[in-house]
Amino acid sequence: MTWELLGYVASAFLVISLMMSNVVKLRWFNLAGCICFTIYGVMITAWPVALTNGLLALVNIYHLAKLHKADSNPQS
């Protein structure tokens with residue numbers, strides 16, 4: 001696999017994520033894209049790409065955990 005191909009896969013995940021109407025699915029696809037872009041950025045030594053997407057991956061993880069907690073404890 002070339003690193004350029006990984007960049008295209010990451011882009012596809014991000015585009016697909018933005019087509020989701022379900023927020024949980026959106027976050028999972030976006031997380032996959034961010035992880036791929038983080039790896040891609042590290043491998044081509046594009047540190048702004050790696051750093052930004054690494055941070056965005058953490059944001060997605062935070063929101064997925066928050067959504068999971070809300071689904072587990074429906075107290076309204």
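Ser-17, in this predicted model, touches Leu-26, Phe-29 and Asn-30, when residues up to four places away in sequence are not counted. Ser-17 lies in helix 1, and with a relative accessible area of 0% it counts as buried, since the cut-off for that word is under 20%. One of these neighbours is also a polar partner, for the side chain of Ser-17 makes a polar contact with the side chain of Asn-30, at 3.2 Å.

From this one residue the view can be widened to the whole chain. The protein chain has 3 helices and 0 strands, and from the N terminus on its elements run α-α-α. Along its principal axes the C-alpha trace spans about 50 × 20 × 15 Å. Of the 76 residues in the chain, 24% count as buried, while the accessible surface comes to about 5,400 Å², with 71% of that area belonging to carbon and sulfur atoms. Among contacts between residues at least 6 apart in sequence, 50% join residues at least 24 apart.

The next topic is the nonpolar core. In soluble globular proteins, nonpolar side chains tend to be buried together. Here the largest nonpolar core has 5 residues, namely Leu-6, Ala-10, Cys-36, Phe-37 and Tyr-40. The elements that give two or more residues to this core are helix 1, which covers residues 3–17, and helix 2, which covers residues 23–43; the largest share, 3 residues, comes from helix 2. Ala-10 shows how core members meet, because it touches Cys-36 and Phe-37, and also Gly-33, with residues up to four places away in sequence left out of the count.

Aromatic rings add another kind of pairing, and a search of the whole structure finds 2 aromatic pairs. In one of them, the rings of Phe-13 and Phe-29 have their centres 6.2 Å apart and their planes at 45°, so this pair is tilted. Since Phe-13 lies in helix 1 and Phe-29 in helix 2, the pair ties together parts that are 16 residues apart in sequence. Phe-13 has a relative accessible area of 26% and is therefore partly exposed, and Phe-29, at 28% relative accessibility, counts as partly exposed too. Phe-29 has already appeared above, as one of the residues that Ser-17 touches.

The other pair is formed by Phe-37 and Tyr-40, whose ring centres are 6.1 Å apart and whose planes stand at 65°, so that the pair is edge-to-face, the term used for planes over 60 degrees apart. These two residues are 3 apart in helix 2, and so about one helical turn separates them. An α-helix has 3.6 residues a turn, so residues three or four places apart point the same way. Phe-37 is buried, with a relative accessible area of 15%, and both Phe-37 and Tyr-40 belong to the nonpolar core described earlier.

There remains helix 3, which runs through residues 47–72. At 1.5 Å a residue its 26 residues should span 38 Å, and its end C-alpha atoms are 37 Å apart, which agrees with that expectation. Within helix 3, Ala-50, Asn-53, Ala-57, Asn-60 and Leu-64 are buried, and the buried residues of this helix pack against helix 2. Helix 2 thus comes up again here, having also given the largest share of residues to the nonpolar core.

Technical notes
Residues are numbered from 1 along each chain as its sequence is written. This is a predicted model: local features need pLDDT of at least 70, side-chain atom pairs count only at pLDDT 80 or more; totals for chains, interfaces and linings use all residues. Side-chain values use heavy atoms; hydrogens and water are left out. A nonpolar core is a set of buried Ala, Val, Leu, Ile, Met, Phe, Trp, Tyr and Cys residues joined through side-chain atoms within 4.5 Å. Buried means under 20% relative accessible area, exposed over 50%, partly exposed in between (1.4 Å probe, protein chains only). Helices (H or I, at least four residues) and strands (E, at least two) are DSSP runs, numbered from the N terminus. Contact means heavy atoms within 4.5 Å. The expected span of a helix is 1.5 Å times one less than its number of residues. Rings of Phe, Tyr and Trp (its six-membered ring) pair if their centres lie within 6.5 Å; planes under 30 degrees apart count as stacked, over 60 as edge-to-face and the rest as tilted. Accessible areas come from the Shrake-Rupley method with a 1.4 Å probe; for residues, only the protein chains shown count as cover. A polar contact is a pair of N or O atoms within 3.5 Å; within protein, one must be able to donate a hydrogen and the other to accept it, and residues adjacent in sequence count only if both atoms are side-chain atoms.
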